[in-house]
Amino acid sequence: MTHEIAALAEPDAVRALVSVALDALAAGVADRGGPLPRGGPDALVSVDDPLPAAGIGAAAALAGLTRRLAAGAADPADPWCAAHLHCPPLAVAAAADLVASVLNPSMDSWDQAPAASRLEAELTRGLARLCHPGAAAPDALVTTGGTESNLLGLLLARENLGPVTVLCGRNAHHSVARAAWLLGLREPVAVDCSGDRVDPAALTAALAGVDGPTAVVATMGTTNTGALDPLPEITAAARAAGSWLHVDAAYAGALLFSDRRRDLVAGLAGADSVAMDLHKFGWQPIAAGLLTCADAGVLATMTARADYLSADDDTEAGLPDLLGRSLRTSRRPDAFKIAVTLRALGRSGVGAMIDHCCDTATAVAAEIADRPDLLLWGPPALSTVVFRPSEAADEAVARLRRDLLLSGRAVLGRATLDGRLWLKLTLLHPHATADGYRPLLDLVAGAA
């Protein structure tokens with residue numbers, strides 16, 4: 001094995017390879033020519049031997065597989081790649097992620113991550129104060145995203161209240177039911193919704209029918225439509241029942257950065273725990289999740305001890321114990337890229353991009369509403385636009401979406417609402433405009 005192949009991730013060695021990677025990335029994007037590779041799964045190129053006996057060298061391996069990956073990628077930087085809550089990462093965040101990879105701090109003990117752990121603590125406290133203004137001692141944990149955050153929120157509910165019965169809307173993310181299963185809790189009670197929002201009266205009635213401690217999960221930004229549950233009414237019902245209130249704001253939580261839309265999520269301040277993802281409305285490379293808590297004291301239940309990572313005498317001497325900051329042991333310093341992005345753009349810069357995406361969705365929806373050949377499900381609450389061809393059957397809508405995928409022309413989502421199949425545009429591109437989606441609307445209408 002040559003020194004060139006096995007060079008460590010030191011600045012000079014990485015610098016030489018970054019240009020190789022970026023050139024190959026650009027070539028792969030050009031090969032693809034659209035938001036998705038053409039031809040579907042069978043058209044993707046396979047590696048001749050993924051475990052070769054002898055290596056071909058760092059530059060050749062990096063260039064070849066990078067070009068292949070980019071050519072076969074679903075590219076969120078293309079505005080027509082708009083099926084999911086999958087954002088194009090900012091350049092500054094991607095560069096910060098590279099720095100984190102080179103330094104490779106492991107966030108399970110202070111002696112592996114002195115500066116990274118301090119920066120994480122400062123960032124999480126700041127974000128927790130933003131989410132829970134007025135709380136005496138809020139705090140937050142860095143997670144892999146909404147699924148882990150929802151698991152932790154219900155874990156804290158169970159550890160602080162006992163075996164809780166979980167109540168959530170039928171609009172809740174699938175991870176809520178999975179979290180209950182993992183935690184040994186009963187299957188959640190599904191509460192009726194109207195317009196993809198929890199019905200507060202139905203929640204109150206459901207709470208009255210449960211014996212024992214409860215945890216209520218509200219959703220701010222549903223996966224299907226971006227709808228916002230009526231949080232003030234849900235909070236009142238949860239408080240009256242003595243419930244733990246967890247809010248899945250993986251999508252909408254970042255509205256706290258927007259001066260124009262912050263009031264839509266003001267009710268987060270009254271929650272016990274909140275899930276927020278900045279790899280959605282935050283333009284971070286995955287993963288960049290957070291769980292905020294109004295009271296840092298509840299996190300004491302996550303305390304863990306391992307003498308080889310955080311010995312008692314080290315902790316007593318003032319070295320921070322990081323094991324209670326996550327269910328994971330080894331984990332990346334994901335807080336770093338978030339901190340770099342917020343320092344570069346400020347809260348107002350991120351908020352302006354959120355406003356742009358929501359405004360674009362409103363404009364696209366208005367155009368759909370004006371077209372007789374397309375049907376709008378309803379006004380967008382955030383940046384998700386749900387629509388369908390006016391006269392097409394569900395089977396035709398499903399086939400149309402697959403045809404767009406297999407041709408590589410567009411990536412649209414799907415949602416079943418009110419017993420019908422709908423198409424979904426999740427607009428997270430901070431520079432795209434409504435005019436750029438008009439040809440896509442024409443394409444959908446024409447194909448139908």
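**View 1. The residues around the largest pocket.** In this predicted model, 33 residues line the largest pocket. If you want to find your way to its centre, look for L22, L25, P89, A94 and P285, which lie nearest to it. Three helices each give two or more residues to the lining: α1 (11-32), α2 (58-71) and α3 (91-103).

**View 2. What the pocket wall is made of.** Here's the same largest pocket, with a volume of about 1100 Å³. Sort its lining by class and you get 23 nonpolar residues, plus seven polar and three charged ones.

**View 3. An open sheet of four strands.** Reading across the sheet, the order goes β10-β11-β13-β12, with antiparallel pairing. At the edges sit β10 (374-376) and β12 (413-417), each with pairing on one side only. Ignoring direction, neighbouring strands here are turned by 40° against each other on average. As a quick reminder, strands of a sheet pair through backbone hydrogen bonds, in either a parallel or an antiparallel way.

**View 4. Zooming in on β11 and β13.** These two strands, residues 384-389 and residues 420-426, run antiparallel and are joined by four bridges. To pick out one pair of partners, start at V385 and cross over to L425 in β13.

**View 5. The helix that packs on the sheet.** Helix α10 covers residues 334-369 and packs on this sheet. Which strands does α10 touch? The contacts are with β10, β11 and β13. The direction of α10 makes about 20° with that of β11.

Notes: Residues numbered from 1 in each chain as written. Predicted model: local features only at pLDDT ≥ 70, side-chain atom pairs only at ≥ 80, totals over all residues. Heavy atoms only, no water. 1 Å grid on protein atoms, 1.4 Å probe; cavity = no way out; pocket = protein on both sides within 12 Å on 5 of 7 lines; lining within 4 Å. Points joined across faces, edges and corners; volume = space filled by probe spheres on them. Nonpolar A, V, L, I, M, F, W, Y, C, P; charged D, E, K, R; others polar. Pairing = 2+ DSSP bridges. Axes fitted to C-alpha atoms, helices over the stretch in contact; angles between N-to-C directions. Contact = heavy atoms within 4.5 Å.
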